[in-house]
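Colleague: I'm new to this structure and would like a close look at how its helices pack. Could you walk me through one part?

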Amino acid sequence: MTNEGLARQIRRDVVEMTHIAHASHVASALSIADIVAVLYNGVMNISPQNADDPNRDRFVLSKGHAGAAVYAALAEKGFIPREELRTYYGMNGTESRLSGHISHKGVPGVEISTGSLGQGVCVACGFALAGKKDGRDYRVFAVVGDGECDEGSVWEMALFAAHTKLNNYTVIVDRNNLQSLKSTEDTIALGDLSAKWKAFGWDVVDIDGHNCGDLKSVLSGKRDKPLCVIAHTVKGKGVSFMENDIVWHYRDPQNEQYEQAIAELGGDPL
Ligand SMILES: Cc1ncc(C[n+]2csc(CCOP(=O)(O)OP(=O)(O)O)c2C)c(N)n1
Ligand SMILES: [Mg+2]
């Protein structure tokens with residue numbers, strides 16, 4: 001499957017999962033579909049066969065509220081059965097290991113549970129440090145929200161990773177300019193994020209976070225320093241009425257909205 005094809009499938013699954021579960025964060029998951037698709041579709045050395053191999057690459061979704069996108073990728077790549085996506089959130093009387101905020105408990109391919117913003121990037125940094133200390137050459141990737149960058153721990157990690165020269169570590173900032181209730185700039189202004197990460201000692205690349213070709217080339221190369229990719233994205237990407245509309249941080253797609261979303265993504269509704 002192409003990266004673009006996988007991203008589209010992730011978006012369809014995300015809409016369906018949040019529809020069935022009456023779950024929040026559909027727009028946050030749509031925002032990162034292309035990033036997750038490119039990572040799981042060949043950039044990372046990770047598969048159901050090597051999910052426990054100490055030399056595997058590691059992925060951490062620091063903005064753990066968007067876990068639906070990662071569960072969808074894991075299903076498409078054979079880590080978990082596709083039918084299980086319908087149990088997401090454990091709503092409607094179903095038992096589920098696929099909790100709303102991403103969980104590693106019993107879920108192959110998920111390295112660490114996240115959801116408390118500002119924590120995942122720090123754990124991922126520790127994975128990268130451990131790789132260096134153990135003499136392994138795996139890479140570590142983390143996706144952090146732009147609103148999440150309000151957390152002080154993100155910047156403490158940024159200092160530490162540069163100081164310890166963790167060139168095996170890549171942080172992708174999902175720069176969609178929105179957080180839960182309003183824009184990032186109206187909450188705590190982030191300003192020039194590229195200049196900030198650069199000042200903290202990182203290589204920084206700004207790209208269109210929905211361009212799979214650009215994502216693939218920037219994420220594939222080797223670096224001398226830790227790498228921060230500022231991925232410029234649209235929250236709700238792929239569903240016209242969700243794009244850049246803050247209500248879709250919490251609202252779940254129901255009835256005609258669900259049907260329209262699936263139609264726009266080129267699928268059949270349930
Ligand atoms: C420590 C912490 N504080 C608050 C929250 C509640 N919360 C969940 S998502 C969110 C907004 C995150 O915005 P951003 O990082 O930009 O992610 P996006 O929704 O754009 O994907 C907040 C404040 C949380 N999960 N953890
Ligand atoms: Mg955001």
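Modeller: Sure, here is a walk through a helix pair, with another pair for context. This is a predicted model, where local features need pLDDT of at least 70 and side-chain atom pairs count only at pLDDT 80 or more, while totals for chains, interfaces and linings use all residues. Residues are numbered from 1 along each chain as its sequence is written, and chains are lettered from A and ligands numbered from 1 in the order in which they are written.

Take helix α5 (residues 120-133) and helix α6 (residues 152-163): their axes come within 9 Å and cross at roughly 20°. Helices here are DSSP runs (H or I, at least four residues), numbered from the N terminus. Axes are lines fitted to C-alpha atoms over the stretch in contact, with angles from 0 to 180 degrees between N-to-C directions. So α5 is roughly parallel to α6 (angles under 35 degrees count as that, over 145 as roughly antiparallel). The crossing of this pair, α5 and α6, is left-handed, meaning the near helix is turned anticlockwise from the far one by less than a right angle.

On the α5 side, Val121, Cys122, Cys125 and Ala128 meet Ser153, Val154, Met157, Phe160 and Ala161 of α6; contact means C-beta atoms, placed from the backbone, within 7 Å. Eight of the residues in this α5 and α6 contact are nonpolar, one is polar and none is charged. Ala, Val, Leu, Ile, Met, Phe, Trp, Tyr, Cys and Pro count as nonpolar, Asp, Glu, Lys and Arg as charged, and the others, Gly among them, as polar.

Now for the other pair: the axes of α1 (residues 3-21) and α10 (residues 255-264) come within 9 Å and cross at roughly 170°. That makes α1 roughly antiparallel to α10.

Conventions. Helix = DSSP H or I, 4+ residues; strand = E, 2+ residues; numbered from the N terminus. Parallel < 35°, antiparallel > 145°, perpendicular 65-115°, else oblique. Contact = placed C-beta atoms within 7 Å.
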